[in-house]
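Colleague: Could you walk me through this one? I'd like to hear the reasoning behind each label.

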Amino acid sequence: MTPPHTYITTTIPYVNARPHLGFALELVQADVLARHRRARGDRVRLQAGTDDNALKNVLAARAAGVGVQEFVDANADAFVALAGPLSLSVDDVIRTSRDPRHRPGVERLWQACAAAGDLYRRHYEGLYCAGCEQFYTPDELPGGRCPEHRTEPQLVSEENWFFRLSRYAGQLHDLIAGGTLRIEPAERRNEVLALIAGGLADFSVSRSTGRAHGWGIPVPGDPGQVIYVWFDALVNYVSALGYGTGGGDLQSWWTGAGRRIHLAGKGVVRFHAVYWPAMLLSAGLPPPTDILVHDYLTAGGQKISKSGGVTVDPAALAAQYGTDAVRWWLLREVPRVGDTDFTVARLGGRANDELANGLGNLVSRVTAMVRRYRDGQVPATGAPAAGAQPLAEAIRLGPGRVDAALAGFDFRAATAAVWSIVDEANRCVSQARPWVAAKLERAGDPEAGRQLDAILGTLIQACRAVAEQLEPFLPDAAARVAQQCAAPDGQLPAAAPVFSRLEVPGPSPSRPPANGGARRPG
Ligand SMILES: [Zn+2]
């Protein structure tokens, strides 16, 4: 039997500036889901890309005084290069301005919608935010300003192509309400259902070539118009699979029986959960199966944004504090719903409390005891040691808890499930007190020696279980923990720290010790 196929996509960001931490959140979330499904035996494709054809790229290039392609290439490279510092397992990247797969896909989808009778021309006048690349109705603009950018939109009046979105309201409602198209969290699903219930107006899917400064994909058969950048950009999810160029990927990843999962920020839910599924239905393609929506990050209380506001460079953060610390903060602190404020002090606090003190100390204590009391030979594991039942239970339940949390797009609950093993293991060390058994053994008590074997074996097993469950979240750290606890010939390797404490500016938020105040041996 072929394993289940899981196709996971990130949104493709505008490359009007260098990437910021908010986008790193989405990349890391997508990477965790991809690694987790791979670990569970699925065939997975993690797809990323860049949205090169936006008007705001043109405007940013002009402001910078460089050619559009040159400007787009430089910023797109910075996005693609995040895979290294964030340890991402991206399988494929599509760049909409220069990937030969993209334009034929957009043209094919356009023609399929046209053949379905869903594209028509009409004169249109509306308020357009170039930052969002979308038209707004006056009641969507508090104080006359864009809710995302707080800028006044431009009045645009021209003849455009329109997509007959109104025709799909009923089908979209049924897909989403019935769970065929799952939107998580529920708060976001309810927003989309409310949007549909409020009535869906047809939307403009082209603009004049003049207003687009000649940048973008021309409308097939109408060279005076270019295809609206959102119509163009959304198609990346299937153009990357050869929708316009052929090959077997479309069948493997989109029209087959597997899952098609989009991650997206809350600001672009309408495009992913309404426009895109309607375009697919029009073209005779299945809609996505899951849309997982994250909220935003702020930095020191201010909005993070590529264009205006504060920027936090995720590559620079990873270079300074390490990939693990950055990923851990994003996964551990950001809730399913609600914006989250980033500070370096919080990143450092999390890493020091949990990674250095909680997990790092656990691994170094356990391996140090095996070296000290057993010359580095890992005792064979049988039944859990006396008093280690809660730890054995945490190990047994860990994978199912991680699965359940990630199915609900809840990274905090998933990391907490892994951490329940770390906490139980630290508690087990302080309660079982192996150093007491070691003393008794040295005094000639063979029963104490057997107890010591059992407890050390169970603790090494716990560390290995943590490494295995931690891999999707912190692949680098998990590899170091696994290496420290691996004993292919029964012998542990030389000691090496798995985490070092971070020096971070500012006060670290106080938190109780992650290990419940467990004491160190000896
Ligand atoms: Zn805007």
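Modeller: What follows is a run of labels and the reasons for them. Keep in mind that the model is predicted.

Colleague: Let's begin with helix 5. How do you know that Ala 169, Leu 172, Leu 175 and Ile 176 are lined up on one face?

Modeller: Those four residues of helix 5, which spans 169–177, are buried. Looking down the axis of helix 5, you find the buried residues within an arc of 130 degrees, so they line one face of the helix.

Colleague: What do the buried residues of helix 5 pack against?

Modeller: Their partners are strand 7 (182–184), helix 6 (186–197) and helix 10 (269–283). After helix 5 comes Gly 179, with a positive phi near 85 degrees.

Colleague: What makes the peptide bond between Glu 184 and Pro 185 cis?

Modeller: Its omega is about -10 degrees, and the bond is cis. Most peptide bonds are trans. As for location, Pro 185 sits in the loop that connects strand 7 and helix 6.

Colleague: Why is Glu 133 called buried?

Modeller: The cut-off for buried is under 20% relative accessible area. Glu 133 has 0% relative accessibility, so it counts as buried. It is found in the loop between strand 4 and strand 5. Its phi is positive too, near 55 degrees, and it is a residue other than glycine.

Colleague: And what makes a positive phi worth a remark there?

Modeller: Most residues other than glycine have a negative phi. Phe 409 is another residue other than glycine with a positive value, near 60 degrees. Phe 409 belongs to the loop between helix 14 (389–407) and helix 15 (411–432). At 3% relative accessibility, Phe 409 counts as buried.

Colleague: Which residues line the largest cavity?

Modeller: Phe 409 is one of them. The others are Gln 29, Val 293, His 294, Val 334, Pro 335, Arg 336, Asp 410, Phe 411 and Arg 412. Strand 13 (290–294) and helix 15 each supply at least two residues of that lining. Sorted by class, the lining has 5 nonpolar, 2 polar and 3 charged residues.

Colleague: Why is that space called a cavity, and what volume does it have?

Modeller: A cavity is a set of points where a 1.4 Å probe fits but cannot get out, whereas a pocket is an open set. The volume of the largest cavity is about 60 Å³. Searching the whole structure with a threshold of 30 Å³ or more gives 3 cavities.

Colleague: On to the open spaces, then. What volume does the largest pocket have, and how many residues line it?

Modeller: The largest pocket holds about 1,100 Å³ of space, and 47 residues line it. Nearest its centre are Glu 148, Gly 265, Gly 267, Val 268 and Tyr 296. Elements giving two or more residues to the lining include helix 1 (21–39), strand 5 (134–136), helix 6 and helix 10. By class, the count is 21 nonpolar, 14 polar and 12 charged.

Colleague: And which residues are closest to the centre of the second largest pocket?

Modeller: Thr 137, Ala 201, Asp 202, Arg 270 and Tyr 275, out of 21 lining residues. The volume of the second largest pocket is about 440 Å³. Its lining divides into 13 nonpolar, 4 polar and 4 charged residues. Helix 10 gives the most to this lining, with 4 residues.

Colleague: How do you know that strand 9 and strand 11 pair?

Modeller: Pairing takes at least two bridges. Strand 9 and strand 11 (222–227) are joined by 3 bridges, so they meet that cut-off. The two run antiparallel, and Ser 208 has Gln 225 in strand 11 as its bridge partner.

Colleague: What makes strand 9 and strand 10 edge strands?

Modeller: The open sheet has 3 strands in the order 9-11-10, paired antiparallel. Strand 9 (206–208) and strand 10 (218–219) each pair on one side only, and they are the edge strands.

Colleague: Last one: is Thr 367 buried or exposed?

Modeller: Buried means under 20%, and Thr 367 is at 2% relative accessibility, so it counts as buried. Thr 367 is part of helix 13 (344–374). Leaving aside residues up to four places away in sequence, it touches Ile 460, Gln 484, Cys 485 and Leu 492.

How values were computed:
Residues numbered from 1 in each chain as written. Predicted model: local features only at pLDDT ≥ 70, side-chain atom pairs only at ≥ 80, totals over all residues. Heavy atoms only, no water. Buried < 20%, exposed > 50% of the residue type's maximum accessible area, 1.4 Å probe, protein only. Arc of directions from axis to C-beta. Contact = heavy atoms within 4.5 Å. 1 Å grid on protein atoms, 1.4 Å probe; cavity = no way out; pocket = protein on both sides within 12 Å on 5 of 7 lines; lining within 4 Å. Points joined across faces, edges and corners; volume = space filled by probe spheres on them. Nonpolar A, V, L, I, M, F, W, Y, C, P; charged D, E, K, R; others polar.
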